[in-house]
Structures are given as C-alpha cells and as structure tokens.
Amino acid sequence: MGETFYVTTPIYYPSGKFHIGTAYTTVLADSLKRLNKLKGKDCFMLTGTDEHGQKIQEVAQKNNLTPKEYVDKMAEMAQDLWKTMNIDYDYFIRTTEERHEKVIQEIFEKLLKQGDIYKGTYEGMYCVPCETYFTETQLVDGKCPDCGREVRKMQEESYFFNMKKYTDRLLKYYDEHPDFIKPEYRKTEMINNFIKPGLEDLCITRTTFDWGIKVPSDPKHVVYVWLDALFNYLTALGYMSEDDSLYQKFWPANVQIVGKDIARFHLIYWPIFLMALDLPLPKTIFVHNWIMMKDGKMSKSKGNVIYPETLIERYGLDATRYFLLREMPLAQDGIFSPEEFVERYNYDLCNDLSNLLNRTVSMVNRYFEGQVPGKTKNVNDVDEQLEKETIEHINKFNELIDNFEIAESLKEIWKVVSRTNKYIDETSPWKLAKEEEKEKLESSMYHLIENLRKIAILIKPFMNDTADNILRQIGIQDENLKTYDSLLNYQELQNVKVIEKGEPIFMRLNSEEEINYIKEIMKNK
C-alpha cells in the first residue's frame, strides 16, 4: 500500500452562514490535502456538520422548524459554500446519520461496561451556545469565558466520563510524541490551564432535552455533544461497521485541524476517549488562531462581518484563498481589513506574480517567437545564484509546511517570485537581445520559464486555477513537468511554446474604490 494522508476539519455547528474565519479551517485542510495528493499520496479529507444538542433544538423551535428540518437546511448551506470554494472533500458527515448514531451508542455502552462512565448529578453553570459546563470560578464577570454570553444554572442527572483515570497517561503521551500538538505552545496551555489545576470528569449526557442520540440502556439520557461529535472522525471511515476498509486504510489521521476555541476538547478529551478504547491517536492535531477584525471579533451588530462568497464573487476564489492562508500567523490571531486585502491583491498577486508571467511570456514571444529555449548550461554567476536560491526557498517551504507554518510557507513561495523578478533586472534580456548575446538570452528565458513552472507547482495546492493558468500560458503540457518531484531540479524543456499573447491573471484594483466597496458590503451584511 502506498502512502496515505487523512485530514479532518471539525464538524461545524450549523448556525447560519459561515464567515471567513470559519472558512479558513476548511481551506487549510483542502490545501494540505491537495499538497499531499500532488506528492503522490492517497488522500482523504473529511468535513461535515454537528447536528445534535440543546442549542439546535432551541434555534429550530425559534424558526418554527423541527430540528431535522433545520439541520437539513444548514447542511445544504454548508455544502453549497464548499462547492463555491471548490473544497475537494471526500466525505461530508452529518452526526444525524444512522450509522454514526449506532456506533456512538455502541461506544457509550462499551465505555460504561468497562467502568469509564458512571452516573451522577451535575450542578453548575452551562453555556448553551458553547455547549460547555463551567464552574463559578471559571466564569468571567459571571458570563461564559469563551463567548461572553449569559450562562444558565443547571442541575440534572448525568453520566460522567472518568477523565482523572487517564490524566497521567495523557501527559506521558504528550512527552513521548512531540508532534502530537502543533504549535507546541498549545500543549503548555492545556497543561497549565486545565490539567495541572485538576482535570474534572466530563459530563457526557443530558436529560433536559431530547434532540440527541439516546443512551440504549437509559433512554431518558441523550449523549452530550463531545462524545457524540468527536467520534465522527472514525464513523466517517466506517469504524465498527460492516465495511471498515477506510478506517483500516486511513486511521490514525495525519492531521486534524481545529480552531483555538475547541482546542481543549480535541487535545484533552479526544485523546482520552481514544485511549479508553485502545485506539491509535491522530499523528498531529493542529490548532490555529482566529481571523479577527481591527475592532475585535466579527459581529453583525458591529457591521464588520465578511463572508467568503462576497470576496469570491468580486475578486475570485484564488485571491480569497491566498489572503486567508497568507494572513494567519502561527502565534497570534490574523487580522482582516479591506485595506490589507486590497494591498495584498495589488502587490503580491498583481505586481509580483501576474507581471512576472506577463513580462516573461511577452519576452519569449518577442525574442524566440514563443519557443522556449531548451535547458542551457549556466552561462554566468547570475544563473547559478538564481538556481541555488530558488532550491533553498523550496526546501524551506517544505520545512515550514511540514510544521504547519502556513503563512510563512506561502511567504517562501513569494520569495521565489520576487527572486525571479529580480533575475529579469539582473540579466536585462532587452540588452542581451540588442547586443546579440544569444546564449545568455536563451539562458535568461529558460530560467524565467523554469522558475514560473516551479512557482505554479508550489501554489497549486493553494491556488489551483491560477497554477493551471500559469502552466497553460508558459506551454507546460508534459505531466512529468507538473509533478512535485520535479521541483528540486532544473528540468529539460523540450518543444515548449508559450501562448501568443499573455493574459493577466490578476488585474490591478483601484484601491480606494475597492476598500470602500468591501466596507459597504460588511455594513450591509
């Protein structure tokens, strides 16, 4: 069996339209899948919707719908967005699926039988939107510490999972598997904020509502969200079903991507559940930050919400994807602003990438009637230096992307773009043509086309259509010249002919006009 790659997003609570912050997680997962597919791996990407719980039951009632009618509508909305964003997922799981519910019931009874679950009474503060219990000391000004909303005082009979039983085993696993949590500072947060103070046993059933998976041996209880939702990563692969071939092939996951708001559930509860069942843990759980506005979180009341469809419709999918991925630093929240979006579009995409392509295609047409010179020997130090620095940037890109430093890895690609633009100035092809330095002119054109080929391959996982457009314009048709393995060498280009007239892949925006447009759209949404 060849190498496999399994990437997951969290399953989303379907509460309405997804803003760009929510879309980021899925775009990132999609990009990592495309990258690994390009590397020749057999890939599987999972996304979906988390469809049980008190908050869904209450929202459905407010909308005069049954819970099932409501989640059907929301799941369709999510799938429409992923279609618009060309997300290449392999399965969209819904936790209302019969096969998922059946497995959750079996898992519950197994954990109950082996003594990991016990019945008790829960009394404390509960945040409905976050589906999380808090102690009085965990509240901030009497409100939910995660979302800032009002909490309810609740008391009900519940089943609990014995988290304390697995605390030492979890900490040992953290120590022995340094790649399990990325970035590493998230591990420190989990230990200092939740484990060292004393890990509380987890309430895993509710009795005050009935929209959920019923406990077979005690049907007045429904399974509470995290035991239900987290196992979607396994049930989507057919775990504990008649056909578990996908589970056998793809589990454990290579990377599970989550936002920082649900880090605790994935970094503490999820591995403990898996340990209790003697199942392998995912190789890496990557926790990303949020995309914020300059004035804080996105909020309709503030008039600062931006939806991906808005940006895609006016600026294209690839520009939207590029901005989302490029603006999220590893150690802090990313910031969206109309000014930053327009500037990134004009400088990175238009001035740097699009102009490089246009100038190169134009020169190959002017000096060689569109025929790209074959591989030439390097005729001067400038050629040697370009090749050396380009390969260094590609190696650095690989190192960064393997460590999930997404924004930095894209920055490394753009260093190749900038270095190639600089090469034009260094070689001055117009002077070489005038002085009839044919050998040097051939070398210059070859290196420009070859670097554009490399740039197209590097950006393909993130900007698929743009990459294909570049390869088409520079005449790369041989599939062997589109592979990831071809990046680290300067390849022979035979019978390669550029298109007759270059086509700008990005057109410069009127900054003031577009900034005002985005601001108005945000206010009216």
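# A tour of the predicted chain

Of the 525 residues in the chain, 58% are buried, and it should be kept in mind throughout that the model on screen is a predicted one. With the whole chain selected and coloured by secondary structure, you will find 19 helices and 14 strands. The radius of gyration is 26 Å, close to the 24 Å that the globule rule gives for 525 residues, so the chain is as compact as a globular protein of that length. Turned onto its principal axes, the C-alpha trace spans about 90 × 50 × 40 Å. If you draw a contact map with a separation of 6 or more, 78% of its contacts come from residues 24 or more positions apart.

**First stop: helix H2**

Select residues 54–62, which form helix H2, and show the side chains of Gln54, Lys55, Ile56, Gln57 and Ala60, which are buried. To see what lies over these buried residues, add helix H3 (67–84) together with strands E4 (117–127), E6 (152–161) and E9 (205–206), which are among the elements that cover them. Then step past the end of H2 to Asn64, which follows the helix and has a positive phi, near 55°.

**Second stop: the cysteines**

Now select Cys144, Cys147 and Cys127 and display their sulfur atoms. How many disulfides does the chain have? The count comes to 0, and the distances can be checked against a cut-off of 2.5 Å between sulfur atoms. For Cys144, which is in no disulfide, the nearest cysteine sulfur belongs to Cys147 and is 3.7 Å away. Cys147 is likewise in no disulfide, and its nearest cysteine sulfur, that of Cys127, is 3.7 Å away. In accessibility, Cys144 counts as buried because its relative value is 2%, whereas Cys147, at 25%, counts as partly exposed.

**Third stop: His288**

Move to strand E12, residues 285–288, where His288 is placed. Is His288 buried or exposed? With a relative accessible area of 5%, His288 is buried. Selecting its surroundings, and leaving aside residues up to four places away in sequence, you will find that His288 touches Tyr24, Thr25, Arg186, Ile257, Val258, Gly259, Lys260 and Met328.

**Fourth stop: helices H12 and H15**

Select residues 317–326 for H12 and 406–427 for H15, whose axes come within 8 Å and cross at roughly 120°. That angle makes H12 oblique to H15. With side chains shown, Tyr322, Leu325 and Arg326 of H12 can be seen to meet Ile406, Ala407, Leu410, Lys411 and Trp414 of H15. Sorted by class, this contact between H12 and H15 has 6 nonpolar and 2 charged residues, with no polar ones.

**Last stop: helices H14 and H17**

Finally, select residues 381–402 for H14 and 438–459 for H17, whose axes come within 11 Å and cross at roughly 5°. How are H14 and H17 oriented to each other? They are therefore roughly parallel, an assignment that applies to angles under 35 degrees. On the H14 side, show Asp383, Leu386, Glu387, Thr390, Ile394 and Phe397, which meet Ser443, His447, Asn451, Lys454 and Leu458 of H17. By class, the contact of H14 with H17 has 4 nonpolar, 4 polar and 3 charged residues.

Definitions and conventions
Residues are numbered from 1 along each chain as its sequence is written. This is a predicted model: local features need pLDDT of at least 70, side-chain atom pairs count only at pLDDT 80 or more; totals for chains, interfaces and linings use all residues. Side-chain values use heavy atoms; hydrogens and water are left out. Axes are lines fitted to C-alpha atoms, for helices over the stretch in contact, and angles run from 0 to 180 degrees between N-to-C directions. Helices (H or I, at least four residues) and strands (E, at least two) are DSSP runs, numbered from the N terminus. Angles under 35 degrees count as roughly parallel, over 145 as roughly antiparallel, 65 to 115 as roughly perpendicular and the rest as oblique. Contact means heavy atoms within 4.5 Å. Ala, Val, Leu, Ile, Met, Phe, Trp, Tyr, Cys and Pro count as nonpolar, Asp, Glu, Lys and Arg as charged, and the others, Gly among them, as polar. Buried means under 20% relative accessible area, exposed over 50%, partly exposed in between (1.4 Å probe, protein chains only). The radius of gyration is taken over C-alpha atoms; the globule rule is 2.2 Å times the number of residues to the power 0.38.
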